[in-house]
Amino acid sequence: MFTRTPSDQEVLDQIFLLSSMPGFKDAAWLLSLVATYGKTPEELSGFTWNEDDSINIDSKKKPIKPLHPQWAIILQIKERQPSRLKGRWKPLTRQLEMTLKSSQIQLTINHFLAAHEHRRINDKWSKRHAQESDCLVAA
């Protein structure tokens, strides 16, 4: 079990591990959505897609963009979305929770959310630091 924030590679490895397990393709898809957009399964319930791979959820006014846009492509989130999702959301969420608790996967939802938040903060800091560096060079 992880006691630290997992790296991007560890997050992806766990998603691919789950997707390779028979009968867990849909749970792996939901986990991909959580890791890519940084929202709990409950927050993601009823989401809608936008053309740019961002999503709309009820609790946010603005669309949520993937922190790493390439993850939406690598994980094929739109393409692998299960059919007739509306009536299956709660059972799918339960399946994911049970899978994560059963120790088949080393991470919890909180690990995925913490990793997303960690990446978001680091990306924000890196962009701000790059802008400050550009200002110093220009001066």
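In which loop is Q76 found? In this predicted model, Q76 is found in the loop between α4 (69–74) and α5, and its backbone has a phi near 50°, a positive value in a residue other than glycine. Most residues other than glycine have a negative phi. R84, which also is not a glycine, has a positive phi of about 45°, and R84 too lies in the loop between α4 and α5. The accessibility of these residues can be stated for each in turn: Q76 has a relative accessible area of 33% and is therefore partly exposed, whereas R84, at 73% relative accessibility, counts as exposed, because the cut-off for that class is over 50%.

The nonpolar interior was examined next. The largest nonpolar core has 35 residues, among which L18, W29 and L33 touch the most other members. At least two residues of this core are supplied by each of α1, α2, α4, α5 and α6, and the greatest contribution is that of α2, which gives nine residues. In soluble globular proteins, nonpolar side chains tend to be buried together. For L33, once its neighbours within four places in sequence are left aside, the residues in contact are G38, L44, F47, W49, I77 and W89. Among these partners of L33 are F47, W49 and W89, and these three residues also belong to one aromatic cluster, which is formed by W29, Y37, F47, W49 and W89. W29 is thus named both in this aromatic cluster and among the residues that touch the most other members of the core.

Five aromatic pairs are held by the structure. One of them, formed by Y37 and W49, is edge-to-face, with a distance of 6.3 Å centre to centre and an angle of 70° between the planes. This pair links distant parts of the chain, since Y37 is in helix α2 and W49 is in strand β1, twelve residues apart. Y37 counts as buried because its relative accessibility is 1%, and the class requires a value under 20%, while W49, with a relative accessible area of 23%, is partly exposed. A further pair, between F47 and W49, is likewise edge-to-face, at 5.3 Å centre to centre and with 85° between the planes. F47 has a relative accessibility of 10% and therefore counts as buried.

The enclosed space in the model was then considered. The count comes to one cavity of 30 Å³ or more, and about 70 Å³ of space lies in the largest cavity. The lining of this largest cavity is made up of I15, F16, S19, K25, A28, W29, S32, L75 and R80. By class, these lining residues divide into five nonpolar, two polar and two charged. Both α1 (8–20) and α2 (25–37) supply at least two residues of the lining, and α2 gives the most, with four residues. Helix α2 is accordingly the element that gives the most to the lining of the largest cavity and also the element that gives the most to the largest nonpolar core. W29, a member of the aromatic cluster, is among the residues that line the largest cavity.

Open pockets complete the description. The largest pocket holds about 280 Å³ of space, and of the 15 residues that line it, K65, L67, H116, E117 and R120 are the closest to its centre. Helix α6 (residues 109–138) gives the most to this lining, with eight residues, and the lining of the largest pocket comprises six nonpolar, two polar and seven charged residues.

The second largest pocket holds about 200 Å³ of space and is lined by S45, G46, F47, T48, W49, Q81, L85, K86, W89 and K90. Two or more of these lining residues are given by each of β1 (48–49) and α5 (89–101), and by class the lining has four nonpolar, four polar and two charged residues. The lining of the second largest pocket includes F47, W49 and W89, which are members of the aromatic cluster and which are also in contact with L33.

Technical notes: Residues numbered from 1 in each chain as written. Predicted model: local features only at pLDDT ≥ 70, side-chain atom pairs only at ≥ 80, totals over all residues. Heavy atoms only, no water. 1 Å grid on protein atoms, 1.4 Å probe; cavity = no way out; pocket = protein on both sides within 12 Å on 5 of 7 lines; lining within 4 Å. Points joined across faces, edges and corners; volume = space filled by probe spheres on them. Nonpolar A, V, L, I, M, F, W, Y, C, P; charged D, E, K, R; others polar. Phe/Tyr/Trp six-rings, centres within 6.5 Å; stacked < 30°, edge-to-face > 60°. Buried < 20%, exposed > 50% of the residue type's maximum accessible area, 1.4 Å probe, protein only. Core = buried A, V, L, I, M, F, W, Y, C linked by side-chain atoms within 4.5 Å. Contact = heavy atoms within 4.5 Å.
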